[in-house]
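Here's an informal walk through one model, taking a few local features, a helix, a sheet and a ligand shell in turn. Have the structure open as you read.

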Amino acid sequence: MASLTIRQLDDRLKKLLRLRAARSGRSVEDEVRTILRAAADESGTDVPGPFEPPAPKSAGRAAAAPDTKRVLLIIGGGIAAYKSLDLIRRLKERGIAVRCVLTKAAEHFVTPLAAGALAGEKVFTDLFDPAGEFDVGHIRLARETDLVVVAPATADLMAKMANGHANDLATAALLATHAKILLAPAMNPLMWFNKATQRNLAQLAADGVLTIGPNEGEKAESGERGTGRMAEPLEIAAAAEKLLAASADKPLAGKRMLITSGPTHEPIDPVRYIANRSSGKQGNAIAMAAAAAGADVTLISGPVNLPDPTGIKLIKVETAREMLEAVERTLPVDIAIFAAAVADWRVANAGEQKIKKKAGQATPDLLLTENPDILSTISHRKSKRPKLVIGFAAETENVAANAKDKLARKGCDWILANDVSPQTGIMGGDSNTIQLVTAEGIEPWPPQSKQDVAAMLVARIAAEIADK
Ligand code: CTP
């Protein structure tokens, strides 16, 4: 319920109320009840259940213009929650759509009615509210946002986040979101500097969660000062606006992507192996371009002589089987690109000790067995299949025809075909000439550097995702 008291009304309204109450011989409170009942009767509605603000019919993203940025504001249970109401206004002033989630504790400080009226959208409070789940659902709440702001972020909420709890709507949405998370902590200075809170803060920072504040200043508790005051709504709104602007140049922000790259080494014995001429340059370039476009990239690379790319999770593997295992561990992802030149075969009878050359004896027979086809395995998965699976086709003849055949055989969505005949210099070189093969047809790309191929591919993926 709204905690509006008669004392908070302006003098003119108070006077009118007193007059009406005196005339009808009721108390002022009874007069208010009578007016509200009459208003409900007039509008033909019963006393409403949970508050439904005068919001657009769909509580979904359609409520805002397509290019309107959206913030999911999670209001935690602290005295600073009252400032979050002002934060809603500050965000809306900047043209940002705001959808609110209130924790149970937050409802002690502010009401869904107040938050909903300011946001102009339904407010969500309960993970197990059938109406809410039917309407939007916690997963959509988490997904349909460009940024999550937690204000105030209490010590308890931070602890839950750091440990991956999901036992209420706020924590479940936080766990399910791809969007950046901005925390505005607010708590008593002793709680803020407590080792447990600082440990949780460090964990959250390592998980990529951003914080603003807390500021130093007067606390709600009388006479207390120190660090723990929530950042001002204007500061939080400005930080949110900046983060939203940054995400606009990052068309793959929030997308999880995995890329395989480089050759694999298949051991003959502990010191010898079968390999190929792949340098890993194309896969690395794609990983860097995708990360620059905001994707959360995991690069799974065979042995290469390249510097480790920065800002990218790198998993180093040797063999095809290790690569498949790393790929499966990395799922789920939104996009998977298989740029590795995986060895098709491995030695079935690889020696556990170095195979010795013995005078007068026959040379050893290497018995080959087929490696798992990583691209095909992932493309044909029933669960956790990435939405977009992209393979390469390294060909030395009939490039387009072989690539079309590979697209169908491997079950992927796109194939980047290239001619790896020695005279092209593509394998191990710095440039590449691609033909993009999709179900719609073949798109020849110009000869260009591997970096430019990567940029073109990332732009193509971003356009595809935007279309969908
Ligand atoms: N690939 C894979 N696992 C394998 C072999 C290939 O994931 N064991 C992937 C490559 O990363 C590439 C695509 O499949 O994206 C095609 O690889 P390519 O070497 O061109 O084809 P192959 O499957 O080896 O077929 P072929 O030897 O008949 O050309």
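## Backbone oddities, a helix, a sheet and a ligand shell

Lys384 is exposed, having 10 other C-beta atoms within 10 Å. A residue counts as exposed at 12 or fewer other C-beta atoms within 10 Å of its own, as buried at 20 or more, and as partly exposed in between, with C-beta atoms placed from the backbone. Before going further: this is a predicted model, in which local features need pLDDT of at least 70 and side-chain atom pairs count only at pLDDT 80 or more, while totals for chains, interfaces and linings use all residues. Residue numbers start from 1 along each chain as its sequence is written.

Back to Lys384: its phi is positive, about 55 degrees, although the residue is not a glycine. You'll find Lys384 in the loop between α14 and β16. Helix and strand names here follow DSSP runs (H or I of at least four residues for helices, E of at least two for strands), numbered from the N terminus. Asn398 also has a positive phi without being a glycine, this time near 40 degrees. Asn398 sits in the loop between β16 and α15 (399–410), and with 11 C-beta neighbours inside 10 Å it counts as exposed.

There are cis peptide bonds to look at too, listed here with their omega values.

| Cis peptide bond | Omega | Place of the proline |
|---|---|---|
| Ala151 to Pro152 | about -5 degrees | Pro152 in strand β3 (residues 147–153) |
| Leu331 to Pro332 | near 5 degrees | Pro332 in the loop between α13 (320–330) and β13 (335–338) |

Now the helix. How far apart are the end C-alpha atoms of α10? They are 16 Å apart, in agreement with the 16 Å that its 12 residues (195–206) should span at 1.5 Å a residue; the expected span is 1.5 Å times one less than the number of residues. Its buried residues are Thr197, Asn200 and Leu204. Viewed down the axis of α10, these buried residues fall within an arc of 60 degrees, so they line one face of the helix. That arc is taken over the directions from the helix axis to the C-beta atoms. What do the buried residues of α10 pack against? Their partners are α7 (155–162) and α9 (189–193), where contact takes C-beta atoms, placed from the backbone, within 7 Å. Turned away from the buried side of α10 is a face carrying the exposed residues Lys195, Gln198, Arg199, Ala202 and Ala206. After α10 comes Gly208, with a positive phi near 90 degrees.

On to the sheet. It is open, with 5 strands in the order β2-β1-β3-β4-β5 and parallel pairing. The edges belong to β2 (97–102) and β5 (210–211), each with a single partner strand, so one side of each has no neighbour in the sheet. Strands pair if DSSP finds at least two bridges between them; β4 (residues 180–185) and β5 pair in the parallel sense over 2 bridges. Leu183 has Thr211 in β5 as its bridge partner.

Finally, the ligand. Of the 16 residues around it, Phe338, Val342, Ile374, Leu375 and Gly391 come nearest; a residue is near when its C-beta atom, placed from the backbone, lies within 6 Å. At least two shell residues come from each of α14 (374–379) and β16 (388–395), and β16 gives the largest share, 4 residues. How does the shell divide by residue type? There are 10 nonpolar, 3 polar and 3 charged residues, where Ala, Val, Leu, Ile, Met, Phe, Trp, Tyr, Cys and Pro count as nonpolar, Asp, Glu, Lys and Arg as charged, and the others, Gly among them, as polar.

Definitions and conventions
Contact = placed C-beta atoms within 7 Å.
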